[in-house]
Amino acid sequence: MNMPNKINLAHLPTPLEKLKFRNKKFLIKRDDYSGLDFSGNKIRKLEYLLYRAKKRRAEIIFTCGGEQSNHCRATASAAARVGIKTKLFLWGNDSNSSEGNLFLNKMYGAEISFLNKKNYNNVNEIMLEECASLVNKGKMVYVIPEGGSTVLGIWGYISFINELSEQVDLRKINGILSASGSGGTAAGMLVGAALNKLKLNIYAVAVLYSKQELWKKIMFLAEGVIEEYNLNCAIDESNLVIIDGYSREGYKNINNNKLKLIASLAKETGILLDPTYTGKAFAAYHDNFLGIGKGNKVIFLHSGGLFGTFAKRRKYLLNL
Ligand SMILES: Cc1ncc(COP(=O)(O)O)c(C=O)c1O
């Protein structure tokens, strides 16, 4: 198989732990332990993307996301580590009291351009236009789309399946559930499972896009990587299950019931989830799988995102 190269930045393998919550046991894969500054799921994709950026002698990386984007923060810190500058195109506003990921982006020295929602809808065009103007001046720019979800980036989660299969017999597991934004994590796992001939359901909890949009994004990436790298596998579409309805309050918000669930998991297990992604995914996991008890053969993927907690500090303090 023609696997792309990567730089080693993440602390792998991440642990697979047995956890008990409300008297129910389940397995949790701790990708929140993939590092500190560049923790979470994004670093697995960035290992491949930054290798390519270095190879192309990029001086600056452009990428985009919400103002509390974990992907942008992970890019800013990992790029700093490999000696490349970052420019972030963020949907949101600057503030003097920036918190969480936004604050960290400033610490890592990223240049930031803020866009309103309307302009953010054209963020790819905006990045490419600015990239072209820098390239004309002789600068080398590497553009990473939202969430690092490209056919190259998703190799991070194709190889994740190999890592997980060293930790548990995946033939005895029914599925893996994770939060899904740009869809790359789910797409990578879907392809990884197909390559290993595993009948594994990938449960993608939609936090940003509608069910239909997310489905299309995941399938586009999964089929794209199979075609581009000539992989000897085919996706069984029935293995992709999009779980909808857990982000009705909006991508940047979280409702009080979910905040309470996050707080109760933290109190009972010492494990913290974030308000944008993993808190919503865990609410879906709780409703759909945790109650099954002993027969629960679905792994919960903790994909990180903890710095986002600090941006919601006031909401937590008011509602708990
Ligand atoms: C903590 C966390 N979990 C899950 C996701 C979703 O991953 P993907 O964009 O690959 O669907 C993200 C994306 O930003 C994230 O930051």
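The exercises below, each with a worked solution, walk through a predicted model.

**Exercise 1. The sheet of four strands**

Work out in which order the strands of the open four-stranded sheet lie, and which of them are edge strands.

Solution. Begin with the pairs of strands, taking β3 (residues 60–66) as the starting point, since β3 pairs with β6 in the parallel sense over three bridges. Within this pair, I60 stands opposite V141 in β6. Next, β3 is also joined to β4 by seven bridges, and the two run parallel, with I61 standing opposite T86 in β4. From β4 the path goes on to β5, for these strands pair in the parallel sense over five bridges, and here F89 stands opposite S113 in β5. Putting the pairs together gives the order β5-β4-β3-β6, an open sheet with parallel pairing. The edge strands are β5 (111–115) and β6 (141–143), each of which pairs on one side only. Neighbouring strands of this sheet are turned by 20° against each other on average, direction ignored.

**Exercise 2. Strand β4 in its surroundings**

Decide why strand β4 (residues 85–91) is described as largely enclosed by the rest of the structure, and find the β-α-β unit to which β4 belongs.

Solution. The first step is to look at burial, where a residue counts as buried if 20 or more other C-beta atoms lie within 10 Å of its own. Six of the seven residues of β4 are buried, and therefore the strand is largely enclosed by the rest of the structure. The second step is to follow the chain: β3, α2 and β4 make a β-α-β unit, and this unit is right-handed.

**Exercise 3. The sheet of six strands**

Find the order of the strands in the open six-stranded sheet and name its edge strands.

Solution. The order is β1-β2-β10-β7-β8-β9, and the pairing in this sheet is mixed. At the edges are β1 and β9, which each pair on one side only. Neighbouring strands here are turned by 30° against each other on average, again with direction ignored. As an example of one pair, β8 and β9 run parallel and are joined by four bridges, and the bridge partner of A204 is I242 in β9.

**Exercise 4. The shell around the ligand**

Explain why the ligand is said to lie between two domains, and describe the residues that surround the ligand.

Solution. Start with the count: 19 residues surround the ligand, and the closest are N70, G147, Y277, S303 and G305. Sorted by class, the shell has two nonpolar, 16 polar and one charged residues. Turning to the elements, α2 (70–81), β7 (175–180) and α7 (184–195) each supply at least two residues of this shell. Finally, domain 1 (16–40 + 150–319) and domain 2 (43–148) both give residues to the shell, so the ligand lies between them.

**Exercise 5. Backbone exceptions**

Most residues other than glycine have a negative phi, and most peptide bonds are trans. Locate K197 and N230, which have a positive phi, and the cis peptide bond from L12 to P13.

Solution. K197, with a phi of about 55°, lies in the loop between α7 and β8 (201–206). K197 counts as exposed because it has 9 C-beta neighbours inside 10 Å, where the limit for exposed residues is 12 or fewer. N230 likewise has a phi of about 55°, and its place is in the loop between α8 (211–228) and β9 (240–243). With 8 other C-beta atoms within 10 Å, N230 is exposed. The bond from L12 to P13 has an omega near 0°, and P13 is found in the segment before β1 (16–21).

Note on methods
Residues are numbered from 1 along each chain as its sequence is written. This is a predicted model: local features need pLDDT of at least 70, side-chain atom pairs count only at pLDDT 80 or more; totals for chains, interfaces and linings use all residues. A residue is near a molecule or strand if its C-beta atom, placed from the backbone, lies within 6 Å of it. Ala, Val, Leu, Ile, Met, Phe, Trp, Tyr, Cys and Pro count as nonpolar, Asp, Glu, Lys and Arg as charged, and the others, Gly among them, as polar. Domain bounds come from an automatic or database domain assignment. Two strands pair if DSSP finds at least two bridges between them. Axes are lines fitted to C-alpha atoms, for helices over the stretch in contact, and angles run from 0 to 180 degrees between N-to-C directions. A crossover is right-handed if, with the strands pointing away from the viewer, the path from the first strand over the helix to the second runs clockwise.
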